[in-house]
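Subject: Structure handover

Hello,

Here is the structure I promised to pass on. Please open it alongside this note.

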Amino acid sequence: MSDTEDQVEKMLKKTGCLNLHYLVQECIAETKDWRKCQSAVQNFRECMENYQKEKIAKRLMQ
């Protein structure tokens with residue numbers, strides 16, 4: 001694993017969305033077609049959006 005991959009994994013762990021990211025990767029690996037993985041992609045997207053919203057809310061409360 002490269003340093004870049006380590007950084008991506010580290011960032012995704014911080015968001016709480018790492019497992020959903022893995023599900024997207026697994027789906028794409030299995031189906032060979034990202035279009036068949038829209039449910040997993042949407043779940044990951046929603047997780048990341050929620051993380052961003054919480055991060056902004058925390059900043060506003062400081």
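Below is what was found in it, from the whole chain down to single residues.

Please keep in mind that this is a predicted model.

Overall layout

The chain holds 3 helices and 0 strands. Read from the N terminus, its elements run α-α-α. The radius of gyration is 14 Å, well over the 11 Å that the globule rule gives for 62 residues, so the chain is more spread out than a compact globule. Its C-alpha trace spans about 45 × 30 × 15 Å along the principal axes.

Buried residues account for 24% of the 62 residues. The chain exposes about 5200 Å². Carbon and sulfur atoms supply 54% of that area.

Helix α3

This helix covers residues 38–61. Is its length what one should expect? I checked what its 24 residues should span at 1.5 Å a residue. The expected value is 34 Å, and the end C-alpha atoms of α3 are 34 Å apart, which agrees.

Which residues of α3 are buried? They are Ala40, Val41, Phe44, Cys47, Met48 and Tyr51.

The nonpolar core

In soluble globular proteins, nonpolar side chains tend to be buried together. Here the largest nonpolar core has 9 residues in all. Its members are Leu12, Cys17, Leu18, Val24, Ala40, Val41, Phe44, Cys47 and Met48. Both α2 and α3 supply at least two residues each. The most comes from α3, with 5 residues.

Phe44 is a good residue to click on. Leaving out residues up to four places away in sequence, Phe44 touches Leu12, Cys17, Leu20, His21 and Val24. Of these contacts, Leu12, Cys17 and Val24 are also listed in the core.

The disulfides

How many disulfides are there? The count comes to 2. With bonded cysteines counted along the chain, they follow the pattern 1-4, 2-3.

One is formed by Cys17 and Cys47, with sulfur atoms 2.0 Å apart. This pair links distant parts of the chain, 30 residues apart. Cys17 sits in the loop between α1 (3–15) and α2, while Cys47 belongs to helix α3. The torsion about their S-S bond is about -95°, so this disulfide is left-handed. Cys17 and Cys47 are both buried. They also both belong to the nonpolar core above.

The other joins Cys27 to Cys37, at 2.1 Å from S to S. Cys27 lies in helix α2 and Cys37 in the loop between α2 and α3, so the pair ties together parts that are 10 residues apart in sequence. The S-S torsion of Cys27 and Cys37 is about -90°, so this disulfide is left-handed. Cys27 is buried, and Cys37 is buried too.

A backbone detail

Most residues other than glycine have a negative phi. Lys32 has a positive value, with phi near 60°. Where does Lys32 lie? Lys32 is in the loop between α2 (18–31) and α3 (38–61). Is Lys32 buried or exposed? Its relative accessibility is 70%, and exposed means over 50%, so Lys32 counts as exposed.

If you have little time, start with Phe44 and its contacts, Leu12 and Val24 among them. Then look at the disulfide between Cys17 and Cys47. Finish at Lys32, with its positive phi.

Best wishes

Technical notes: Residues are numbered from 1 along each chain as its sequence is written. This is a predicted model: local features need pLDDT of at least 70, side-chain atom pairs count only at pLDDT 80 or more; totals for chains, interfaces and linings use all residues. Side-chain values use heavy atoms; hydrogens and water are left out. Helices (H or I, at least four residues) and strands (E, at least two) are DSSP runs, numbered from the N terminus. Buried means under 20% relative accessible area, exposed over 50%, partly exposed in between (1.4 Å probe, protein chains only). A nonpolar core is a set of buried Ala, Val, Leu, Ile, Met, Phe, Trp, Tyr and Cys residues joined through side-chain atoms within 4.5 Å. Contact means heavy atoms within 4.5 Å. The expected span of a helix is 1.5 Å times one less than its number of residues. A disulfide is a pair of cysteine sulfur atoms within 2.5 Å. The radius of gyration is taken over C-alpha atoms; the globule rule is 2.2 Å times the number of residues to the power 0.38. Accessible areas come from the Shrake-Rupley method with a 1.4 Å probe; for residues, only the protein chains shown count as cover.
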